[in-house]
Amino acid sequence: MSKTPSKTPQAIRGTQDIFGAEAEAFAHVVETFERVRRLYRFRRVEMPVFERTEVFARSLGETTDVVSKEMYSFEDRGGESLTLRPEFTAGIARAYLTNGWRQYAPLKVATHGPLFRYERPQKGRYRQFHQLDAEVIGAAEPQADVELLAMADQLLKELGIADGVTLQLNTLGDGDSREAWRAALVDYFAAHRAELSEDSQDRLERNPLRILDSKDPRDRAFVADAPKIDDFLSGEAQDFFGAVTAGLDAAGVAWAREPSLVRGLDYYRHTAFEFVTDRLGAQGTVIGGGRYDGLMESLGGPATRAVGWAAGIERLAMLVGEAGQIAIDALDVSIAVEDDRAAVAGQRILAQLRRSGLSVDMIASGSPKKRFDKAAKSNARAIVSLNIDNEKVVSGLRGSTELVERIAELIRPIIEAENR
Ligand code: ATP
Ligand code: MG
């Protein structure tokens with residue numbers, strides 16, 4: 001009887017199995033973020049991967065691309081509509097309200113993990129992707145915006161990728177400024193309606209700010225002369241933005257004003273920003289964020305001022321990879337067991353060296369004659385070879401002097417005990 005050959009299931013489109021240099025760069029980005037967020041005293045939070053659909057629908061706005069086209073929503077067995085998180089902020093805001101985290105305000109939190117959006121997969125754009133996320137909740141002061149931006153700036157510098165990444169900064173004003181600007185944009189674009197792209201004609205009433213960051217050349221033609229937020233800013237909104245830019249200057253964070261920068265979600269107020277590069281093709285935004293003073297109220301909570309950002313880990317990892325910042329082969333010691341009778345001694349030494357904080361590989365299989373060469377090829381800073389001479393275990397050491405001395409001291413008692 002022959003078995004029916006079964007096809008191996010393929011990965012889901014837009015997901016990635018990350019391995020090798022890319023996985024190391026990914027881990028390096030996360031580790032660097034963990035270090036930097038501690039310097040800025042952001043507390044770690046772990047958030048659910050799914051939430052009730054309304055958490056996102058109410059926070060982000062029904063008319064946004066994310067809610068109207070990109071969410072992975074499904075009914076669970078209890079008939080409840082759930083959604084795989086397309087972003088962190090809404091879930092963190094929900095948690096802030098449901099857990100009474102107000103008592104910690106201003107609350108600085110950081111997290112990272114997978115997000116899900118039904119988008120057209122391409123370089124730097126996936127259906128499961130990963131973000132670093134940082135939020136300051138319950139903070140009305142421009143100092144919070146400055147602190148977050150300084151943290152993002154330091155992260156890029158510590159990753160060695162700050163060159164060629166620009167902080168583009170804008171203000172969307174307070175609720176009233178934003179509304180007045182929005183109305184002026186609708187008037188302005190309505191006069192050119194027929195000449196706009198289909199998408200933008202559609203956006204005109206729903207989400208006119210989005211026309212400003214359309215990439216379609218038919219829209220771009222009208223963006224330069226579109227009404228500017230600066231003409232609609234209240235005195236208060238102007239002062240707020242002035243304080244943010246002065247704070248950035250004081251912190252030594254370079255920025256560029258980008259008056260047509262808007263963000264895709266409804267909840268943004270005042271500060272809006274993106275860190276962008278031209279080194280990643282069309283997917284050039286590596287970090288995006290801003291103030292979301294209106295969000296808590298849309299979730300039924302009290303007015304709570306907050307600001308945050310999210311960074312695409314895959315995009316940062318690509319920049320890190322290009323900059324050659326990752327040395328995967330940082331191996332301290334390679335042990336070559338050249339005689340199988342020395343295998344137990346090898347295991348003891350391997351355990352001892354690793355416990356002492358060294359990274360160690362051991363080569364104890366395959367042809368014994370080839371093991372030393374394999375160890376030599378591993379690029380380790382030191383090689384320990386183990387042999388049997390006169391029924392006794394003998395070791396050979398070579399490599400950088402300081403390390404070899406340290407290893408000699410660590411393994412001497414083990415070899416003596418073996419030979420007793
Ligand atoms: P974009 O304009 O590239 O679609 P966005 O405005 O939708 O980005 P945000 O929601 O602000 O993105 O998310 C913050 C960051 O997360 C982005 O700057 C990007 O680095 C990353 N990101 C967003 N969507 C994806 C995706 N589908 N795949 C990979 N990374 C993503
Ligand atoms: Mg998007």
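What covers the buried residues of helix 4? I opened the predicted model with that in mind.

**Entry: helix 4**

I took the extent of the helix before its surroundings. Helix 4 runs over residues 89-98. I find it mostly covered, with 8 of its 10 residues buried. The buried ones are Thr89, Ala90, Gly91, Ile92, Ala93, Arg94, Ala95 and Tyr96.

Next I looked up the cover. It includes strand 2 (50-52), strand 5 (107-116) and strand 6. Helix 2 (53-60) and helix 10 (295-298) are also among the covering elements. I then checked the backbone just past the helix. Gly100 has a positive phi there, about 65 degrees.

**Entry: ligand 1**

I moved to the ligand. I note 14 residues around ligand 1. Those that come nearest are Arg117, Glu119, Arg125, Tyr126 and Arg263.

Which residues put an N or O atom 2.9 Å from ligand 1? Arg125 does so from its side chain, facing an oxygen atom of the ligand. Tyr126 uses a backbone N or O atom, and its counterpart is a nitrogen atom of ligand 1. I also looked at Thr285. A backbone N or O atom of Thr285 is 3.0 Å from an oxygen atom of the ligand.

How much of ligand 1 does the protein bury? Taken alone, the ligand exposes 580 Å², and 88% of that is buried by the protein.

I then sorted the shell by element. Strand 6 (128-137), strand 10 (285-291) and strand 11 (306-312) each give two or more residues. Strand 10 supplies the largest share, 3 residues. Strand 6 has come up before: it is part of what covers the buried residues of helix 4. By residue class, I record 5 nonpolar, 4 polar and 5 charged residues in the shell.

**Entry: salt bridges**

The count for the model is 27 salt bridges. I looked up three pairs and one network.

Pair one is Asp65 with Lys69, at 3.8 Å from N to O. Why can these two side chains meet? Both sit in helix 3 (residues 65-70), 4 residues apart, so about one helical turn separates them. An α-helix has 3.6 residues a turn, so residues three or four places apart point the same way. I checked accessibility as well. Asp65 is partly exposed at 25%, whereas Lys69 is exposed at 52%.

Pair two is Arg291 with Asp293, at 2.9 Å from N to O. Are these partners buried or exposed? Arg291 is buried, at 0% relative accessible area. Asp293 is buried too, at 11%. Arg291 also falls within strand 10 (285-291).

Pair three is Arg341 with Asp339, whose closest N and O atoms are 2.9 Å apart. Here I find a split. Arg341 is exposed, with a relative accessible area of 56%. Asp339 counts as buried at 15%.

Last, I followed the bridges that share partners. Which residues do they join? Glu34, Arg37, Arg38, Arg44 and Glu46 form one network.

Notes
Residues are numbered from 1 along each chain as its sequence is written. Chains are lettered from A and ligands numbered from 1 in the order in which they are written. This is a predicted model: local features need pLDDT of at least 70, side-chain atom pairs count only at pLDDT 80 or more; totals for chains, interfaces and linings use all residues. Side-chain values use heavy atoms; hydrogens and water are left out. A residue is near a molecule or strand if one of its heavy atoms lies within 4 Å of it. A polar contact is a pair of N or O atoms within 3.5 Å; within protein, one must be able to donate a hydrogen and the other to accept it, and residues adjacent in sequence count only if both atoms are side-chain atoms. Accessible areas come from the Shrake-Rupley method with a 1.4 Å probe; for residues, only the protein chains shown count as cover. Ala, Val, Leu, Ile, Met, Phe, Trp, Tyr, Cys and Pro count as nonpolar, Asp, Glu, Lys and Arg as charged, and the others, Gly among them, as polar. A salt bridge is a side-chain nitrogen of Lys or Arg within 4 Å of a carboxyl oxygen of Asp or Glu. Buried means under 20% relative accessible area, exposed over 50%, partly exposed in between (1.4 Å probe, protein chains only). Contact means heavy atoms within 4.5 Å.
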